[in-house]
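Subject: Handing over the structure

Hello,

Here is the structure I promised to pass on to you. Have a look at it first, and then read on for what turned up in it.

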Amino acid sequence: MELVALVDPDGTPVGSATRARVRAEGLWHACAAIVVTSLDGRRLYVHRRTDTKDVYPGLYDPTCGGVVAAGETPDECARRELAEELGVTAPLTPLFRSRFVDGTIRYVAHVYLARSDGPFHHQSEEVAWGGWVDVAEVRRLVADPDWPVVPDGRELVRMWFDGGGPRFRDGGW
């Protein structure tokens, strides 16, 4: 039984609960989200979630990541999720923390940057498709309300583009 790290709205750890309970009761929890750029900083890795995901199935995501397990740090979670979902290891740079709320989904996101040119090996249960998208195109897509993207990925990448993390320009860093 997987236990998820619970936090208060400020991100202070307050215990743990099963993933099922977190979902059913809308409990505040911790997540890691990783923005993956190419080594030259000109492209973002975007993937489409499988249609079997319990949250936001079939939508595009400009981040990878997941819930922080009980007893795990956000840094450990980010490394684990990057390796599990995309099959890569890369140095992680912490960017910022942010609250995310969408109905009963409530979490504190620990957002990281990873730079890698791959190769990527998708976790088949999580990722239906993945590929590089130019930064300018991702900017355009996250601003488009009709793009079928996960709400948290849209919000976190927008925050990053808007200076929530290091300044990012369309031509790279």
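The largest nonpolar core of this predicted model has 33 residues. Those with the most contacts inside this core are Val35, Tyr107, Val111, Val138, Leu156, Trp160 and Phe161. At least two residues each come from β1, β3, β4, β7 (92-102), β8, α3 (135-143) and α4. Strand β8 gives the largest share, with 5 residues. There is also a second, separate core, made up of 20 residues, with Ala5, Trp28, Leu86 and Ala90 among them. As background, nonpolar side chains in soluble globular proteins tend to be buried together.

Next, the pockets. The largest pocket holds about 480 Å³ of space, and 30 residues line it. Nearest its centre lie Arg23, Arg49, Gly65, Gly66 and Val67. If you want to find the walls of this pocket on screen, look for α1 (19-25), β3, β4 (43-49), β6 (64-67), α2 (74-86), β8 (105-115) and α4 (151-164), each of which supplies at least two residues of the lining. What kinds of residue make up that lining? The lining of the largest pocket divides into 13 charged, 12 nonpolar and 5 polar residues.

The second largest pocket has a volume of about 160 Å³. Its lining consists of 14 residues, and Ala5, Val7, Pro13, Val68 and Glu72 are the ones nearest the centre. Two strands, β1 (3-7) and β2 (13-18), give two or more residues to the lining of this second largest pocket. By class, that lining has 9 nonpolar, 4 polar and 1 charged residues. Ala5 is worth clicking on here: this residue is part of the second core and also lies among those nearest the centre of the second largest pocket.

Two histidines come next. Is His29 buried or exposed? His29 has a relative accessible area of 2%, so this residue is buried. His29 belongs to strand β3 (residues 29-37), and a polar atom of its side chain lies 3.0 Å from the backbone oxygen of Leu27. Leaving aside residues up to four places away in sequence, His29 touches Val4, Ala5, Leu6, Val7, Val22, Arg23, Val67, Arg106, Tyr107 and Val108. Some of these names will be familiar by now: Arg23 and Val67 are among the residues nearest the centre of the largest pocket, while Tyr107 is one of the residues with the most contacts inside the largest core.

The other histidine, His47, sits in strand β4. His47 counts as buried because its relative accessibility is 3%. Again not counting residues up to four places away in sequence, His47 touches Leu59, Tyr60, Asp61, Thr63, Cys64, Glu85, Val127, Trp129 and Gly130.

You may also like to look at the backbone in two places. Most residues other than glycine have a negative phi, and most peptide bonds are trans. Tyr56 is not a glycine, yet its phi is positive, at about 55°. You will find Tyr56 in the loop between β4 and β5 (60-61), and with a relative accessible area of 14% this tyrosine is buried. The peptide bond from Gly118 to Pro119 is cis, with omega near 5°. Pro119 lies in the loop between β8 and β9 (127-134).

Finally, two charged residues. Asp40 is in the loop between β3 and β4. Its relative accessibility is 42%, so Asp40 counts as partly exposed. The side chain of Asp40 makes a polar contact of 2.6 Å with the side chain of Ser38, and the Asp40 side chain also reaches the backbone nitrogen of Arg42 at 2.9 Å. How far from Ser116 is Asp40, in sequence and in space? The two are 76 residues apart in sequence and 9.0 Å apart in space, C-alpha to C-alpha.

Arg140 is found in helix α3, where this residue is partly exposed, with a relative accessible area of 45%. From C-alpha to C-alpha, Arg140 and Leu82 are 25 Å apart in space, and they are 58 residues apart in sequence.

Enjoy exploring it!

Best wishes

Terms used: Residues are numbered from 1 along each chain as its sequence is written. This is a predicted model: local features need pLDDT of at least 70, side-chain atom pairs count only at pLDDT 80 or more; totals for chains, interfaces and linings use all residues. Side-chain values use heavy atoms; hydrogens and water are left out. Helices (H or I, at least four residues) and strands (E, at least two) are DSSP runs, numbered from the N terminus. Buried means under 20% relative accessible area, exposed over 50%, partly exposed in between (1.4 Å probe, protein chains only). A polar contact is a pair of N or O atoms within 3.5 Å; within protein, one must be able to donate a hydrogen and the other to accept it, and residues adjacent in sequence count only if both atoms are side-chain atoms. Contact means heavy atoms within 4.5 Å. On a 1 Å grid over the protein atoms alone, a cavity is a set of points where a 1.4 Å probe fits but cannot get out, and a pocket is an open set with protein on both sides within 12 Å along at least five of seven lines; lining residues have an atom within 4 Å of a point. Grid points are joined across faces, edges and corners, and a volume is the space filled by probe spheres set on the points. Ala, Val, Leu, Ile, Met, Phe, Trp, Tyr, Cys and Pro count as nonpolar, Asp, Glu, Lys and Arg as charged, and the others, Gly among them, as polar. A nonpolar core is a set of buried Ala, Val, Leu, Ile, Met, Phe, Trp, Tyr and Cys residues joined through side-chain atoms within 4.5 Å.
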